[in-house]
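Okay, thanks for coming, everyone. I'd like to walk you through a structure that's new to most of us, so let me put it up on the screen.

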Amino acid sequence: MHVIINYLDDMFFFICLALPILIIWRLIRWKKRGFQLKEGLHELGILILISIFIGLFSQTIIPKPGAAKVFGTGLNLELFRVVKETYNAIVYLGFWQPFYINFLGNILLFIPIGFLLPLLFKRMEFFPNTVIIGLGTSFFIEIVQLPQNRSSDVDDLWLNTLGALVGYLLYLFIRKRFPGFCMAFKKVEKSSL
């Protein structure tokens, strides 16, 4: 649990650093387009989405000073290895940390992305778009980690994509139950007369 709190604390630090700049940038863009109060929730959602990406990238892309070096290549191309290693750690060692960090952590980090993309953007309501963005983001992270002396893992790709899929399914559930809530976050379309 201590490790998870450290991750969240680090993410929160980077989000707090970037938030004033993000808010100013979004307000300037909003002002240029002409303020429409109806777009307030959309803008708030954009801020949250960008903050999530900043927090995610702060933990996966930004090099950690003093971090232990990965011996060997730090590259895992064996599909589902994380399942086997997590199972062995729990059953034989009674060690749950790999399950919480490697397994659940990779899924949970991408649920907000899978939820917020279709909530904010109409074209992301089409199933493959959101899942492809999740996969592409995960692939980008894994590629950038290669030269950084960090481990890169094929299992992260499917776990992150699964997280984006779960977020998308959560969006579909909320949209069905509360369509007005979902419509409130969409950008107001300009009507042509």
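Let's start at D156, which sits in helix α6. One thing to say right away: what you're looking at is a predicted model. So, is D156 buried or exposed? Its relative accessibility is 16%, and buried means under 20%, so D156 counts as buried.

Who does D156 meet in there? Leaving out residues up to four places away in sequence, D156 touches N106, S138 and E142. With N106 there's also a polar contact between the two side chains, at 2.9 Å.

Now, keep D156 and N106 in mind, and let's talk about pockets. The largest pocket holds about 1200 Å³ of space. It's lined by 38 residues, and the ones closest to its centre are Y7, I101, N102, N106 and D156. There's our pair again: D156 and N106, joined by that side-chain contact, are both on the list of residues closest to the pocket's centre.

Which elements build the lining? Those giving two or more residues are α1, α2, β1, α3, α4, α5, β2 and α6. The largest share comes from α4, with 10 residues. And if you sort the lining by chemistry, you get 17 nonpolar residues, 12 polar ones and 9 charged ones.

Next stop is Q59, over in helix α2. Q59 is buried because its relative accessible area is just 6%, under the 20% cut-off. Setting aside residues up to four places away in sequence, Q59 touches Y7, D10, M11, K64 and R150. You'll recognise Y7 there, one of the residues closest to the centre of the largest pocket.

Okay, let's step back to the whole chain. How many helices and strands does it have? The chain comes to 7 helices and 2 strands. Going along the sequence, the pattern reads α-α-β-α-α-α-β-α-α. The C-alpha trace spans about 65 × 35 × 30 Å along its principal axes. There are 193 residues in the chain, and 37% of them are buried. And if you take the contacts with a separation of 6 or more, 76% are between residues 24 or more positions apart.

Here's another residue to find on the screen: F127, in helix α5. Its relative accessibility is 39%, which lies between 20% and 50%, so F127 counts as partly exposed. Not counting residues up to four places away in sequence, F127 touches L165 and Y168. If you want a feel for distances, try F127 and I23: they're 104 residues apart along the chain, and their C-alpha atoms are separated by 30 Å.

One oddity before I finish. Have a look at F80, in the loop between β1 and α3. F80 isn't a glycine, yet it has a positive phi of about 70°. F80 also counts as partly exposed, with a relative accessibility of 45%.

And how confident is the predictor? The chain averages a pLDDT of 86, and 92% of the residues score at least 70. Where is confidence lowest and where is it highest? The low end is β1, with a mean of 78, and the high end is α6, at 96. That high-scoring helix, α6, is where we began, with D156. That's my tour, so over to you.

Notes
Residues are numbered from 1 along each chain as its sequence is written. This is a predicted model: local features need pLDDT of at least 70, side-chain atom pairs count only at pLDDT 80 or more; totals for chains, interfaces and linings use all residues. Side-chain values use heavy atoms; hydrogens and water are left out. On a 1 Å grid over the protein atoms alone, a cavity is a set of points where a 1.4 Å probe fits but cannot get out, and a pocket is an open set with protein on both sides within 12 Å along at least five of seven lines; lining residues have an atom within 4 Å of a point. Grid points are joined across faces, edges and corners, and a volume is the space filled by probe spheres set on the points. Helices (H or I, at least four residues) and strands (E, at least two) are DSSP runs, numbered from the N terminus. Ala, Val, Leu, Ile, Met, Phe, Trp, Tyr, Cys and Pro count as nonpolar, Asp, Glu, Lys and Arg as charged, and the others, Gly among them, as polar. pLDDT is the predictor's confidence in each residue, from 0 to 100. Buried means under 20% relative accessible area, exposed over 50%, partly exposed in between (1.4 Å probe, protein chains only). A polar contact is a pair of N or O atoms within 3.5 Å; within protein, one must be able to donate a hydrogen and the other to accept it, and residues adjacent in sequence count only if both atoms are side-chain atoms. Contact means heavy atoms within 4.5 Å.
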